[in-house]
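Trainee: I have a new model open and would like to go through it with you before lunch. Could you walk me through it?

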Amino acid sequence: MSMLNCNCNCRCNCVLVAVIASVVVGIVTAFLQIAGTITVTPVFLWVVLGIAVVYLGVLTVSTALARRSGTSACLCSALNALLIGALGAILFAIVLLAVGIVATSVLSAVLVGILLFFFALTLTSTACFVRSLADCGE
């Protein structure tokens, strides 16, 4: 099977759990930001941006290699979640770097929550991707 056939028939699809966990992380982060419990610095934003760009590069290379080797179609949902998470983290890190963060601003808290949602989605969907490789490799 090639990865162009994206109908996951395996039972290893954990992307829904990854999305729910990421939503929880995003909401908790937004509340902690608006309460002033945590602060987000530009250094943190640069680190998130760097990690997301590296993930995007690795994802591009691994997808190209996986298409050649004929990998299980079960990996598609995890790869899509990885791509969405990396691109969203890159976008919102750039937005927050450009706008600047005000500790008590509701808009900043929402943007930080969305950024952490996408970053957590990247990390949790990586776990799904590894699980798909381990369980569904046929």
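Trainee: What share of the contacts in the protein chain with a separation of 6 or more comes from residues 24 or more positions apart?

Mentor: Residues that far apart account for 87% of those contacts, where contact means heavy atoms within 4.5 Å. Keep in mind that this is a predicted model, in which local features need pLDDT of at least 70 and side-chain atom pairs count only at pLDDT 80 or more, while totals for chains, interfaces and linings use all residues. Residues are numbered from 1 along each chain as its sequence is written, and side-chain values use heavy atoms, with hydrogens and water left out.

Trainee: How many helices and strands does the protein chain have?

Mentor: The protein chain has 4 helices and 0 strands, both taken as DSSP runs numbered from the N terminus (helices are H or I with at least four residues, strands are E with at least two).

Trainee: Is Ser108 buried or exposed?

Mentor: Ser108, which sits in helix α4 (residues 106-135), counts as buried because its relative accessibility is 5%, and buried means under 20% relative accessible area, exposed over 50%, and partly exposed in between (1.4 Å probe, protein chains only).

Trainee: And which residues is Ser108 in contact with, leaving aside neighbours within four places in sequence?

Mentor: Those are Gly100, Ile101 and Val102.

Trainee: Switching to Asn80, where does that one lie?

Mentor: Asn80 lies in helix α3 (residues 75-99) and is partly exposed, with a relative accessible area of 44%. Asn80 and Ser125 are 45 residues apart in sequence, yet their C-alpha atoms are 8.9 Å apart in space.
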